[in-house]
Every structure is written in C-alpha cells, then in structure tokens.
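Please examine the protein shown below before reading the explanation.

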Amino acid sequence: MDQCKTCNKPLTVIIDWDEEADDSDQSGVSLENEVPDSVELQYAYEMTQCPCCSKDVLNHAASEEEQILCNVKNEGGLQEGFDILPILREESYLKAFPEERKARAFLEFCAAGDVGAILDLVKGREDEDEESSMNPSGNPEGAAKPIDVLRYQDPLGSLDTGLHVAIRNGQEDVVWLLLLLASSLEPHRFPSDVTQPAEILGAVREDQTGKVDVRVLENAERRTAEQLAQKLGGKWESWSADGLLKPVWDGILPIVFKEMAPSSS
C-alpha cells in the first residue's frame, strides 16, 4: 500500500457507505472500510494535503505552476512524474457541478477531433432539451438551465470554448463543424467536402437568430478563436486571411471606437 513520503503512514481514506444501507453486510463485516487512497480517489479530501498528516504534497515547478507528481501504473505501463493535480481538480469540480460533465466531455472530443462523438453528444443534448420543453414539471423552478455545450467555456482551462480547443489542437474538421453548428458563417463559405459528410452524419444547422456566434467568445487571455489562430499561425494563417474565424455580433462586425484626441482649444 502507498505511504506518505512525510509521515510514512498508509494513504487511506474512510468510506462511509449509503446511510440507508445496513450497518453490516450478511457476513457481519462492517461496511465502514479503509481502502488504499490510490484506488478510491473519488472520495474527496483536501487534494493538496496528505490525508494522514495534512502535510502539503504540492510540487512547485520552475514556472511556479502547482503540481502533484506521482508514478502511475496501469495497463499502459509505468508513467513516472505524472501530474495528477489537473485530474483531481476536475473531479472535485465535477462533484460540485455534475451537470457540466457532458460539456467537459465535449471539450475532450474537440481536442481529439472526434466529430462523431461531438454530434452524438449534441444531438443527445437536443433530445434532452426537447423532453424538458414538453414536460415543464421535469425542470422545477430554480433548477439549473441546460448548458449550451457548443458555447461552453472551460472554467478550469482559461475559459476556452470548443472552438479554441479545436484550434489549439489542430483539429480542422472540428472547427468546420462548430462553425456550421454555432456560428453565422454564410452557407456558401463551407466547402462541399465539409457539408456533404456533415449531412450524412446528421449535422443540421439551427436558426442562429438570438444566439451568440461562437467566434465572438473570448477566453481568459481576452483572445477570440481568430486571435488564437493568428497567434498559432501555420495551417491557421489561411483561415485568418479568409476571415472564416472573424467575430460577428448578430451579423454585424464590431465597431472599434478610437480615443478622441484632446481639443486644441
């Protein structure tokens, strides 16, 4: 069993089973158990502290970025120096906001270029929204509104949208799909080798009236998807030059107001 490098005690957490369950199983064994901490990460504790001695387990990289480095052994073999902190933070966040789990899966699909999975998720979300609209009692007052995954901004990843993520990971097919589903880009701008497969896969553009064009959304660095593409260059240079990623507000290009020069009087 793994041990804390500071106090040398076994890294375990206590699992409290469902309160409605019996205090013991049929064999009379108590249902309160100690399990290896490395196995049962879903039982939350202070993620940056040892659960036994409460010592800080953070590693500080040269960039001053916080890390929790560990050795991971699974079916893929041994991976040393793996930073598990982002995973712990995401799981902790999703325990607090479970309704965002599909939206975060959407971002992963955008990064991987999995167009089919994106469409399945989006169509599944549309079916859920339709059921909610047909059954108002299913969405009681005060309940969280369904998340628009196409325009979801990652609170754990610099507020990137799926469009930012796709550009950052070089996924051109995903960028075309998101422009089709979540922007007001004119239909004639889409090449036939994009629209025809999209139609076969069931990608249908809804009326975008009153919806935010995904190209408008900025991440935490105040960059739109177009500005990110311009920064990255390479294959995205032609996209920027063609204006495919240019932000549009309700079909009208934004107006930039220049600061007026002081009067000479």
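The following paragraphs treat confidence, overall architecture and one pair of helices.

This is a predicted model, in which local features need pLDDT of at least 70 and side-chain atom pairs count only at pLDDT 80 or more, while totals for chains, interfaces and linings use all residues. Residues are numbered from 1 along each chain as its sequence is written, and side-chain values use heavy atoms, with hydrogens and water left out.

The predictor's confidence in each residue, from 0 to 100, is called pLDDT. Its average for the protein is 76, and 67% of the residues score at least 70. Over residues 14-45, pLDDT stays under 50; the model nevertheless has 43 contacts (heavy atoms within 4.5 Å) beyond four places in sequence for that stretch. Residues 251-265 also stay under 50, with 5 such contacts.

The protein contains 8 helices and 6 strands. Helices (H or I, at least four residues) and strands (E, at least two) are DSSP runs, numbered from the N terminus. In order from the N terminus, the elements run β-β-β-β-β-β-α-α-α-α-α-α-α-α. Among these elements, helix 4 (residues 162-168) has the highest mean pLDDT, 97, and strand 2 (residues 33-36) the lowest, 46.

Helix 1 (residues 85-96) packs with helix 2 (residues 101-112) at an angle of about 145 degrees, their axes being 10 Å apart. Here, axes are lines fitted to C-alpha atoms, for helices over the stretch in contact, and angles run from 0 to 180 degrees between N-to-C directions. On helix 1, Glu90, Glu91 and Leu94 meet Arg101, Arg104 and Glu108 of helix 2.
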